[in-house]
Amino acid sequence: MDKLLIRPKPYTDESLRGYILRLTEQNNYPTTVWIYDSVGIFTTDITSKLLFIKDYNGLNIDKLAFYTENEKKVLLSLSFFNEIGNFQDVYPKEVNSALVRGINTNRTKVCPECLKTSPYLRKSWDITFMTCCPVHKILLLDRCPNCNSYLNHFNRGSSVNQCKCGFDLTKVQTTCVKDEDTLLSSLLTKKVNNKFGNVKSGIIPFSRLPLLHILLIMDFFSLNIVKYFEVNHKRFFRDLPLYDLHNIFNKVVNIFLNWPFGYYEFLDNFRKIPKNNNYTGVKKEFGNLYRHTFSYFNDNMYSFLTTAFENYLYKEWNGGLLERFGYKSEYISGEQARIMLKTEYNNIVKLINTGEIEGIVRSRNEKSQILVNEKSLKNFIKKIDDINKLYVSSEEGAKLLGVSDYIIKKLMKDQIINAKRKQTINNKSNDWIIEIKSIKDLLYKIEKNAKPANLVALNTEMVTFDKAAQICRIGTVGFIKKVLKKEIIPYAIKTGSGIKKFSFIKDDLFPVSYNLPQKVVSLPALDNSTQKGNLIPIGGNLTQSQFAKYYGVTSNIVKIWISQGYLKVEKKLITARSINEFLHNYIGLNSLVKEFNNEYSPMRLLMALFSMGVEPLNKKFSQKGYLFDRKMALGALKNNKQKIYLTAKEAAMELNISQPAIHAWIKKGYINSETNLNTNFLRVEDLRTFEKKYAWLSMLNLITELKEPYILKELQQMGIKPLIIDENDNGIPYIFNLKDVQIFLESRLVQGDIT
């Protein structure tokens, strides 16, 4: 057989056997058998196969696709293979139900009004539970009003618009249905045509199921309604008129309206019907409905149904709850709940009565029966666990903060940290627990006010947090308050835990007082950067030790300044006039650091001054005792802050690399440096240039959070080689061109490993 002469394309919502019928008519074949024989699909159960295609391999649809010039997937979509047949191995129970009663394989239903506008058979009409047209709001037609026989468009002589007797089906007087009675047909039409538009929420969650599972539920409840509420007739699908089936199917839909209350009403009515059985317990009132519900609908997608049944039994039935048929109940006994909470029965009852957990307490046979919703119980346990995870005991809080238990209680009392009574199952506890976040917030505030320890001169005496509080004589809590108010500046030494990782300059902790006379005079204001409020006695003198403490240097340095003529001494005392002249004309390196609020280290300021041509007046002396011309040094630094230099140690800290690595890269010529005072110094500008050109493993580790060996392995696999190959294993770290490594970073971005 050649290709069909007339090959119309199928409609998207057309049935496969209806499409073959339309091909027969348009090609003027006397019967559909001509096409069936030609494509090799003529069998005794042809309608079953064309509707359902349970055994797709046994149906030669390739020839039909060839003769009609259609793709196989298009023809398959006209059958129920995609919705049903394709799942026979996954959902055999649902597929079998759909095959037996879900799809009508022996009759045809049509909408006369639809045939008037578009004469072809709709796929949705082949569904058993499709009883009306949701578009025209009329009952479908399954019998010919002329010959009173069931419509069968596959007998010889049938056509789309006519019965086999020749009656025109488009001229039938139709029966209207109520708007609300079209809910099911509207849903089935959308499921068949894959149109998931606005489905009325009244039948959710039923409407969210796939078509295959909707058919199983409709079949299950239809059988139970007919058996217990209508007529006990096993063949009612075949024998009852379409109008009666329409009413039965709408009763099923009513079960899912206003979920779950429609279902509860169905169960109420079901219990009232005499069952005439010898069962006891739940089966006595519900018969096989209980057993079948939990055996047929044991898949998770039906949980809304089984859960509603459990909830109904929980609220309305006092016969106890049973776990059977492989279904695990949502409710557990009071004994199980008591074991899970490790408490007593009376506490379970209290939690139920206060609404902390969902449950019920019934009096049964002179005993109390306790049923608890397991999910609500687990949520309650998780709630307590989650709260406790956010808190620690006062002892653990004291360790985190690095203070004693006595201090932690005072901090709680002053509300510097947050605390509460520990929550237990019976809500009775005298133990205090401390919010971990409040401890972290306190440490963060202290650290935010802190300055790096490398800004402190090497000869400066530092003290711990506890020692600092003792010196100030205000206690640890009072001292913490002053730190939070920025009245005292901490320095982060990054050792120890809690507040113990902060230290303080000893001389900052109390006012300078050397038992001087009460009459004092302030230093003259030389410029905006002059320290104000440093008090020197009128006509009084200071010892070398007193002046050393006042100026923040050692006594040995003061002796050298005296020997170099910068300070004058009379009778072993430095005169007030000499001090005023010294402060007016000179400034030491440590004082320069304080002038800039400890923003720069002494070495960094020293190199900045060198780079601007400002050298110390006593250059041959030790750096700790350097003196500069006051106006020249302050003026140069204020106008040229951008020319600050870094030491190799400071550069290593910025790059998160070891100091030997910096020296190795300098030696290899990757970083420019200058040498002064027998030390390598790097300009900040040169360091930024280096960062723009090169990458190293610790940097890549910080970006990708991958361990360095894995990074190196991936780079090698990508053919990216390091610029330095340390064959002698001297510990020189790998360095790469940043452009080469960019490919690696972009690949990690694509994989979602970094943001």
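Which residues are buried in helix α22 (residues 465-472)? In this predicted model, the buried positions of α22 are F465, A468, A469 and C472. When the helix is viewed down its axis, these buried residues fall within an arc of 100°, so they line one face of α22. The cover over the buried residues of α22 includes two strands, β10 (462-464) and β12 (502-505), together with α23 (475-484). The helix is followed by R473, a residue whose phi is positive, near 55°.

The setting of this helix can be described from the chain as a whole. The protein chain has 755 residues, of which 47% count as buried, and its secondary structure comes to 35 helices and 24 strands. Among the contacts in the chain with a separation of 6 or more, 61% are accounted for by residues 24 or more positions apart. The accessible surface of the protein chain comes to about 40,100 Å², and carbon and sulfur atoms hold 48% of that area.

The buried nonpolar residues of the chain include two separate cores. The largest nonpolar core has 78 residues, and the members that touch the most other members are I127, F221, F256 and Y263. Helix α9 (residues 211-228) gives the most to this core, with a contribution of 11 residues. For F221, once the neighbours within four places in sequence are left aside, the contacts are with V252, I255, F256, Y263, F266 and L305. Two of these partners, F256 and Y263, are themselves named with F221 among the core members that touch the most others. The second core, separate from the one just described, has 37 residues and includes W561, I579, L589 and F628.

A further position of interest is T128, which is placed in the loop between α7 (112-117) and β1 (132-133). Buried means under 20% relative accessible area, and T128, at 9% relative accessibility, therefore counts as buried. The side chain of T128 reaches the backbone oxygen of R101 at 2.6 Å. When residues up to four places away in sequence are not counted, T128 touches R101, G102, I103, N104 and K109, and also F237 and F249. R101 is thus found both among the residues that T128 touches and as the residue whose backbone oxygen the T128 side chain reaches.

How values were computed. Residues are numbered from 1 along each chain as its sequence is written. This is a predicted model: local features need pLDDT of at least 70, side-chain atom pairs count only at pLDDT 80 or more; totals for chains, interfaces and linings use all residues. Side-chain values use heavy atoms; hydrogens and water are left out. Buried means under 20% relative accessible area, exposed over 50%, partly exposed in between (1.4 Å probe, protein chains only). Helices (H or I, at least four residues) and strands (E, at least two) are DSSP runs, numbered from the N terminus. The arc is that of the directions from the helix axis to the C-beta atoms. Contact means heavy atoms within 4.5 Å. A polar contact is a pair of N or O atoms within 3.5 Å; within protein, one must be able to donate a hydrogen and the other to accept it, and residues adjacent in sequence count only if both atoms are side-chain atoms. Accessible areas come from the Shrake-Rupley method with a 1.4 Å probe; for residues, only the protein chains shown count as cover. A nonpolar core is a set of buried Ala, Val, Leu, Ile, Met, Phe, Trp, Tyr and Cys residues joined through side-chain atoms within 4.5 Å.
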